Amino acid sequence: MFALFRVQLGHWVVPAWTADTVDIDTREAPPRCPRRVTSGDFVRFHYNGSLPDGTPFESSYSAGEAYAMFVGKEQMTKGLDLGLLEMCVNELRLIKIPPHLAYGSKGVDGKIPADSSLHFSVQLLDVWNLEDKVQVESHYIPEQCPRKVQSSDYVRYHYNGTLLDGTSFDSSYSRNQTYNTYVGIGWLIAGMDQGLIGMCIGEHRHITIPPVLAYGEKGYEPVIPPQASLVFNVVLLDLHNPKDTVVIKTTFSPDNCTRRTQAKDFIRYHYNGTLLDGTMFDSSYQRNKTYNTYLGMGYIIKGMDEGLLGMCTGEHRTITMPPHLAYGEQGAGSIPGSAVLVFDVILVDFHNPTDEVQTEIFALPDNCVRKSRKGDLLRLRYNTTLMDGTLLDSSDMYGKTYNVVLGSGRLVSGMESALAGMCVSEKRRGTIPPHLAYGEEGIAGDVPGSAVLLFDVELIGLEEGLPDGYLFIWHDEVPSNLFELMDGDKDEKITLEEFSSYIKKEVDNGKGRLAPGFEADSIIKDMFSNQDRNKDGEISAPEFKLKADEDLEKHDEL
């Protein structure tokens, strides 16, 4: 580089100088100037040096390297020392220096004639001082900041890195990948370690680092020159500490909570899954389907297994888990490595595979003559809902009671259990686990898979059924000549028409009773089929046999 910047000014004497002896013309001024050059600052700048007639004598641009030195310490001509004072980074100045503040009567052999004024076109690139510290300016701080970066935390952040004049040297955005590291343990340059302390998730910071806390005299070739101040625009996305555990915040808890989730329960829940900066990575709502799984058996990530314990149906929780209890350093799919995860969860229902039907009685009559049992015809009012209150079915939708024979197989087994032993006018609720309802498959479009049902029922009326296995009974003694009475044409064979005519007449005369809740013709046809043992469409005398003769039961039936 030209001797202008190599001369030892102590070897020659120039007259005393003052501000009005240097002509300064600012050609370009930056819109913002947070700092101006003062004596003692270290500066980096580009320049073109020429004589007044325009003859060039040296240029940092030609040399391919900006010039760097201290101001006011006689490391350059006194005129330039003076001309750089009060400059801003990115300011462009034309500095005219008289001979007595340049090289005077000696000049520079072969370059600068004696008694020459010098013109310097200077653009300031960098300024700092040995006493400088890291400068932090927050452009945005979120309203909620439950936790700030501390030493030994692990952080994930995006950044743009520039020199002080705005020249970019690196960006995490260009790699489409956050920078992930520990803070305060020497994995970062000292200035970055300091600049990240105290940040909130989502905070935007402008961190300015002097060279002594960055890459110093060596720089980081080829992108960071020696003695360069660095500026990082940082957005903090995530932080955790290896000692962190799952954090649970309950945002809503139902008033009634008779049971809480335990290990080995099967649960159904809705969730939104986000990163710590709010970026969503998954949602059960988008699939319009709950997430269903066993709890505490390793089917889900450890943090979720822990975070879902002790929940009530209908409870809302925010579960925050560090990466070592989630997807670790590798991440998964759209979840980056070393990411803290936040799940907003609503527990829809849960059960245990060992659960039975649970009944709760809300109203019970003073007098209960008879309780419902298998075979009885029940008249019901009911509502069937999911645990979150979603209505599945109701007798009110049809404007009439629902009539069903208990034990006929028209209801799922859990509802059959819930209806057993009821009194007329009784109101009760049955909580029915899915393995006693519609199972893992549910009913497409109606009942979700693995759903617990709430069966609210009122018994309006009851018609006593027949003993188990009976379709018809007589109120009095069975006629001894029953076959002859049925054989209307006396051909010693009973047809279905003869059989049906006789049974209906007995029912009409109040002498017998068919099982309630079924079509009479259907029951009579089944009775006839039972007697028609050779299936030839007729009952012969040898085929004809009372049920009492077969099983010695108390009541007689065909």
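How many helices and strands does the secondary structure of the protein come to? The count is eleven helices and 28 strands. Keep in mind as you read that you're looking at a predicted model.

## The overall outline

Let's start with the whole chain. The protein has a radius of gyration of 46 Å, while the globule rule gives 24 Å for 558 residues, so the protein is more spread out than a compact globule. You can see this in the box that its C-alpha atoms fill: roughly 155 × 50 × 40 Å along the principal axes.

Pick two residues and you get a feel for those distances. Phe120 and Glu458 sit 338 residues apart along the chain, and their C-alpha atoms are separated by 99 Å. Both residues come back below.

What about inside and outside? Of the 558 residues, 47% count as buried. The protein exposes about 28800 Å², and carbon and sulfur atoms supply 48% of that area. As for contacts with a separation of 6 or more, 69% of them are between residues 24 or more positions apart.

## Nonpolar cores

Now for the inside. In soluble globular proteins, nonpolar side chains tend to be buried together. Here, the largest nonpolar core has 28 residues. The members that touch the most other members are Val43, Phe45, Leu80, Leu84, Leu118, Phe120 and Val122. Strands E2 (42-50), E4 (67-70), E5 (92-97) and E6 (118-128), along with helix H2 (78-84), each give two or more residues to this core. The biggest giver is E6, with five residues. Apart from this core lies another one, of 25 residues, including Val183, Ile224, Ala228 and Leu230.

Take a closer look at Phe120, which belongs to strand E6. Is Phe120 buried or exposed? Its relative accessibility is 0%, so it counts as buried.

## A buried threonine

Thr181 has its place in strand E10 (residues 179-182). Why does Thr181 count as buried? Because its relative accessibility is 2%, and the cut-off for buried is under 20%. If you leave aside neighbours within four places in sequence, Thr181 is in contact with Asp153, Tyr154, Val155, Tyr157, Trp187 and Leu188.

## A nonpolar patch on the surface

Nonpolar residues can turn up on the outside here too. Tyr215, Tyr220 and Val223 form a surface patch with about 270 Å² of accessible area together. You'll find Tyr215 in the loop between strand E11 (204-209) and strand E12 (230-240). With a relative accessibility of 31%, Tyr215 counts as partly exposed.

## Salt bridges

A search of the whole structure turns up 27 salt bridges. Here are three of them, with the N to O distance for each pair.

| Residue | Partner | N to O distance |
|---|---|---|
| Asp355 | Arg259 | 3.0 Å |
| Arg381 | Glu458 | 3.3 Å |
| Asp456 | Arg429 | 2.7 Å |

Start with the pair formed by Asp355 and Arg259. Asp355 is in the loop between strand E18 (341-351) and strand E19 (358-363), while Arg259 is in the loop between strand E13 (247-252) and strand E14 (266-275), so this salt bridge ties together parts that are 96 residues apart in sequence. The two partners aren't covered alike: Asp355 counts as buried at 16% relative accessibility, whereas Arg259 counts as partly exposed at 34%.

Next comes the salt bridge between Arg381 and Glu458. This pair links distant parts of the chain, with Arg381 in strand E20 (residues 377-386) and Glu458 in strand E24 (residues 453-463), 77 residues apart. Arg381 is partly exposed, with a relative accessibility of 36%, whereas Glu458 is buried, with a relative accessible area of 18%.

The third pair is Asp456 and Arg429. Since Asp456 lies in strand E24 and Arg429 in strand E23 (residues 427-432), the pair ties together parts 27 residues apart in sequence. At 27% relative accessibility, Arg429 counts as partly exposed.

Which residues are linked in a network of salt bridges? They are Arg370, Arg373, Asp376 and Glu464.

Terms used: Residues are numbered from 1 along each chain as its sequence is written. This is a predicted model: local features need pLDDT of at least 70, side-chain atom pairs count only at pLDDT 80 or more; totals for chains, interfaces and linings use all residues. Side-chain values use heavy atoms; hydrogens and water are left out. A nonpolar core is a set of buried Ala, Val, Leu, Ile, Met, Phe, Trp, Tyr and Cys residues joined through side-chain atoms within 4.5 Å. Buried means under 20% relative accessible area, exposed over 50%, partly exposed in between (1.4 Å probe, protein chains only). Helices (H or I, at least four residues) and strands (E, at least two) are DSSP runs, numbered from the N terminus. Patches are made of residues with over 30% relative accessible area and no salt bridge: like charges are joined within 9 Å, nonpolar side chains (Val, Leu, Ile, Met, Phe, Trp, Tyr) within 5 Å. Accessible areas come from the Shrake-Rupley method with a 1.4 Å probe; for residues, only the protein chains shown count as cover. A salt bridge is a side-chain nitrogen of Lys or Arg within 4 Å of a carboxyl oxygen of Asp or Glu. The radius of gyration is taken over C-alpha atoms; the globule rule is 2.2 Å times the number of residues to the power 0.38. Contact means heavy atoms within 4.5 Å.
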